[in-house]
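Dear colleague,

Please find below the structure that I am handing over to you. My notes on what was found in it follow directly after.

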Amino acid sequence: MAQERDFLHKLCESILNADKTVRFAGVIDNEGKLLIGRYRADVPSPLIKANMEQNTKATSFYSAYQALAINKRFESDLGQIRFQMTEFDKVTLVSIPLTAKSDRYLCISLDAPTYHERVIPKILDIIG
């Protein structure tokens, strides 16, 4: 588990350094539990004030994961999901499946407005 944690930590660091618009990079499991995550140094606090320790399902990242999970049922017809994006006025959330067994998801928030068509390819290249 320590080896996985180190790998995920390095992955999140790489994502945070990929573009100055990346606010947060983290990895959740298929239960919505945040395994590791970090905000950009100048982001003082999350936009959503829910207590993630008490209710993992109250986070925007769990919600983004749910949208991705719903759309996974179309993969047999449409092909593999590369990412799921939800754009709000204040932030853009991106969820990306990390494993073939769909038990780890990269969750990213980007400052809004962001040219996500410029940022998302950088992130996809990192996780390659």
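The salt bridges in this predicted model come to a count of nine.

One of them joins R118 and D19, whose side chains meet with 2.7 Å between N and O. R118 belongs to helix α4 (residues 116–127), whereas D19 sits in the loop between α1 (2–18) and β1, so this salt bridge ties together parts that are 99 residues apart in sequence. The two partners also differ in their surroundings: R118 is partly exposed, at 37% relative accessibility, while D19 is buried, at 6%.

A further salt bridge pairs R40 with D42, and here the closest N and O atoms are 2.5 Å apart. R40 has a relative accessible area of 19%; the cut-off for buried is under 20%, so R40 counts as buried. D42, by contrast, is exposed, with 55% relative accessibility. This pair does not stand alone, since R40 and D42 are linked with R23 and D111 in a network of salt bridges.

Another salt bridge is formed by E75 and K72, with 3.0 Å between the closest N and O atoms. Both of these residues reappear in the surroundings of I81, to which I turn next.

I81 is found in the loop between α3 (75–78) and β3 (84–87). Its relative accessible area is 15%, and I81 is therefore buried. Leaving aside residues up to four places away in sequence, I81 touches L68, N71, K72, E75 and P97. For one of these contacts, L68, the separation from I81 is 13 residues in sequence and 8.1 Å in space, taken from C-alpha to C-alpha.

Which aromatic rings pair in this structure? There is one aromatic pair, and it is formed by F24 and Y39. The rings are tilted, with 4.7 Å from centre to centre and 55 degrees between the planes. F24 lies in strand β1 (residues 22–29) and Y39 in strand β2 (residues 34–39), so the pair ties together parts that are 15 residues apart in sequence. F24 is buried, with a relative accessible area of 3%, whereas Y39 is partly exposed, at 24% relative accessibility.

In reading the structure, you may wish to begin with the salt bridge between R118 and D19, continue to the network of R23, R40, D42 and D111, and then view the aromatic pair of F24 and Y39.

With kind regards

Definitions and conventions: Residues numbered from 1 in each chain as written. Predicted model: local features only at pLDDT ≥ 70, side-chain atom pairs only at ≥ 80, totals over all residues. Heavy atoms only, no water. Phe/Tyr/Trp six-rings, centres within 6.5 Å; stacked < 30°, edge-to-face > 60°. Helix = DSSP H or I, 4+ residues; strand = E, 2+ residues; numbered from the N terminus. Buried < 20%, exposed > 50% of the residue type's maximum accessible area, 1.4 Å probe, protein only. Salt bridge = Lys/Arg side-chain N within 4 Å of Asp/Glu carboxyl O. Contact = heavy atoms within 4.5 Å.
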